[in-house]
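Okay, thanks everyone for coming. I'll put the structure up and then we can walk through a few spots together.

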Amino acid sequence: MPAAAREAAGGPWAIELFTSQGCSSCPPADLQLGKLGRRNDIVALSFHVDYWDYIGWKDRFATRETTERQRAYARTLKQRYVYTPEMVVDGIGHDPGVSLDPIKSLLAEAHHRSPRRATPELVRSADGVLTVRLGAFKLEGPADVVLAVYDRRHSTAVGDGENGGRTLENFNVVRHFETLARWDGAAANWTVPVGRFKPEQGMAVLVQQADHGPMLGCNKLEPMVTG
């Protein structure tokens with residue numbers, strides 16, 4: 001079933017968790033993201049960062065690219081430093097994400113700031129190709145259309161480091177992301193060939209003000225997952 005496009009106040013809203021399997025403070029936020037990801041009005045993504053890999057456990061999902069995305073948000077949001085866990089809510093603010101109340105407050109602020117949404121439509125054809133469609137939308141400046149491909153869930157037995165001896169549950173783990181286009185607000189569509197994702201992976205499209213600004217819209221398309 002396609003994820004429909006719309007221009008409305010109903011979201012979805014984006015939550016990006018920057019986390020690491022080498023960080024002992026992260027597991028509660030990882031579980032929180034898993035719960036948030038079950039909501040239809042939330043696009044929840046987990047970006048694993050690599051700067052804790054040196055303290056005893058190398059996170060197999062961490063990449064330089066995901067770490068650089070967090071650093072870019074830190075510059076945009078005028079943070080003095082990066083940290084984990086960190087949930088960036090709709091590109092407008094951040095919090096560790098261990099407690100739900102601050103996330104609810106940031107979501108409420110996102111609703112207030114962005115009453116109209118440029119929500120993309122995501123459709124997979126019979127041959128597996130993904131099509132992303134956006135209707136015309138009035139922009140104040142250019143926007144980036146970003147595709148994120150993610151694994152729905154992973155369970156990892158950690159052998160060393162701060163979480164040594166624990167089995168960690170991670171949800172919506174981003175394995176690949178790319179900017180599809182710099183968008184000017186005109187009606188447009190893009191196709192993503194099947195070689196860039198697997199049938200069991202989820203896909204999300206984030207539409208945000210250029211250079212890691214606030215979200216203008218987002219959507220997800222994902223297979224069913226059990227457990």
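So, how far is the sulfur of Cys 26 from the closest cysteine sulfur, and in which residue is that one? The neighbour is Cys 23, and the distance is 3.0 Å, which is too far for a bond. Keep in mind that this is a predicted model. The cut-off for calling a disulfide here is a sulfur pair within 2.5 Å, and the structure ends up holding zero disulfides. For anyone who wants the chemistry, a disulfide is a covalent bond between the sulfur atoms of two cysteines. As for the surroundings, Cys 26 is buried, at 0% relative accessible area. Cys 218 is buried too, with a value of 0%.

Next up, the aromatics. Searching the whole structure turns up five aromatic pairs. One of them is Phe 18 with Tyr 73, an edge-to-face pair with 6.1 Å between the centres and 70° between the planes. What I like about this one is where the partners come from: Phe 18 sits in strand 1, residues 13-19, while Tyr 73 belongs to helix 2, residues 64-76, so the pair links parts of the chain 55 residues apart. Phe 18 counts as buried because its relative accessibility is 0%, and Tyr 73 is buried with a relative accessible area of 0%. Another pair is Tyr 81 with Tyr 83, also edge-to-face, with 6.4 Å centre to centre and 70° between the planes. Here the two rings part ways on exposure: Tyr 81 counts as exposed at 56% relative accessibility, whereas Tyr 83 counts as buried at 16%. And back to Phe 18 and Tyr 73 for a second: together with Phe 47 and Phe 177 they form one aromatic cluster.

Now some backbone oddities. Most residues other than glycine have a negative phi, and most peptide bonds are trans. With that in mind, which two residues are joined by a cis peptide bond? Those are Thr 84 and Pro 85, with omega at about -10°. Pro 85 is in the loop between helix 2 and strand 3. That loop also holds Lys 78, a non-glycine with a positive phi of about 60°. Lys 78 counts as exposed, with 74% relative accessibility. His 212 is another non-glycine with a positive phi, this time about 65°. You'll find His 212 in the loop between strand 10 (202-209) and strand 11 (215-221), and it counts as partly exposed at 23%.

Let's look at Ile 92. This residue lies in the loop between strand 3 (86-89) and strand 4 (93-95). Buried or exposed, then, for Ile 92? Buried, because its relative accessibility is 14% and the limit for that label is under 20%. Leaving out residues up to four places away in sequence, Ile 92 touches Leu 77, Leu 106, Glu 109, Ala 110, Arg 113 and Pro 214. If you prefer a backbone distance, the C-alpha atoms of Ile 92 and Leu 107 are 9.3 Å apart, with their positions 15 residues apart along the chain.

Last stop, a pocket. The second largest pocket has about 400 Å³ of space. It is lined by 17 residues, and the ones closest to its centre are Phe 137, Lys 138, Glu 140, Gln 209 and Leu 216. By type, the lining splits into nine nonpolar, three polar and five charged residues.

That's my tour, happy to chat.

Methods:
Residues are numbered from 1 along each chain as its sequence is written. This is a predicted model: local features need pLDDT of at least 70, side-chain atom pairs count only at pLDDT 80 or more; totals for chains, interfaces and linings use all residues. Side-chain values use heavy atoms; hydrogens and water are left out. On a 1 Å grid over the protein atoms alone, a cavity is a set of points where a 1.4 Å probe fits but cannot get out, and a pocket is an open set with protein on both sides within 12 Å along at least five of seven lines; lining residues have an atom within 4 Å of a point. Grid points are joined across faces, edges and corners, and a volume is the space filled by probe spheres set on the points. Ala, Val, Leu, Ile, Met, Phe, Trp, Tyr, Cys and Pro count as nonpolar, Asp, Glu, Lys and Arg as charged, and the others, Gly among them, as polar. Helices (H or I, at least four residues) and strands (E, at least two) are DSSP runs, numbered from the N terminus. Buried means under 20% relative accessible area, exposed over 50%, partly exposed in between (1.4 Å probe, protein chains only). Contact means heavy atoms within 4.5 Å. Rings of Phe, Tyr and Trp (its six-membered ring) pair if their centres lie within 6.5 Å; planes under 30 degrees apart count as stacked, over 60 as edge-to-face and the rest as tilted.
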